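Student: Please take a close look at one helix of this structure and what surrounds it. I would like a connected account rather than a list.

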Amino acid sequence: LKGNPPMVPKPTYEPACLLARNFCPADVPALHAIGHTQNVARMMASIHRNWTRNQTRQWMTSAPFHGMIGFRIGVYARTTDTLIGFVGIGGTPTNLAYALGEPHWGRGYATEMVHGLLGHCYAQLGLTTLTAEHYTDNPGSGRVLTKLGFEKYAESGESMGKSLARLEPAPQTLYRLTHQQFKAATHEIS
């Protein structure tokens, strides 16, 4: 995480190809473009398919990083400082959410950004257990979660999730990850 205001703790989270930090006002157009695509919006619970720039601004400023669990931050390409996605952890139980703009799919960025974030949250923020889910029509997210050590605890169809960009609830697969599982799984990819 970089670019936090001086009074906010600065965690050490800088994945190899990416930077992660609080959003800034200049990010509204890029974040709006990411969330405005059907293939991204329908995989997220809190993003409307047709969200306005004002809704985008409100969403990106509603949960900045303040040194504890309960935040959403931007993820940027290190070489260009361009916003390519976002990641967040919060809720009860503590849950992971992330997304990348479509042009950045299939490059390993999702694994890199989530790996870096989880390493920081487990080491610095006292995270012990994390949940995540993906809609069954998004198997790529399932592969990212499994690679990072998440284990399924509810198979597809046992849980239905709501998205503001879908007309009806859709089947999800639910996962859980403990600190020990994360350490064991990521020892192999580090």
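Tutor: What follows looks at one helix, a residue that touches it, and then another helix. The model is a predicted one, and that applies to each value below.

Begin with helix α1, which runs over residues 28-35. Its buried residues are Val28, Leu31, His32, Ile34 and Gly35. They cover an arc of only 160° around the axis, which means that they sit on the same side of α1. What do these buried residues pack against? Their partners are two helices, α2 (38-41) and α3 (53-61), together with β3 (82-90) and β4 (95-100).

One residue of α3 shows a link to α1 in detail. Arg53 lies in helix α3. Leaving out residues up to four places away in sequence, Arg53 touches Val28, Pro29 and His32. Of these, Val28 and His32 are among the buried residues of α1. Arg53 has a relative accessible area of 43%, so it counts as partly exposed, since that class lies between 20% and 50%. From Arg53 to Ala33 there are 20 residues in sequence, and 9.4 Å in space from C-alpha to C-alpha.

Now turn to helix α4, residues 109-124. At 1.5 Å a residue, its 16 residues should span 22 Å, and the end C-alpha atoms are 22 Å apart, so the two values agree. α4 is mostly covered, with 12 of its 16 residues buried. Among them are Tyr109, Met113, Leu117 and Cys121. Just after α4, Gly126 takes a positive phi of about 75°.

Terms used:
Residues numbered from 1 in each chain as written. Predicted model: local features only at pLDDT ≥ 70, side-chain atom pairs only at ≥ 80, totals over all residues. Heavy atoms only, no water. Buried < 20%, exposed > 50% of the residue type's maximum accessible area, 1.4 Å probe, protein only. Helix = DSSP H or I, 4+ residues; strand = E, 2+ residues; numbered from the N terminus. Arc of directions from axis to C-beta. Contact = heavy atoms within 4.5 Å. Expected span 1.5 Å × (residues − 1).
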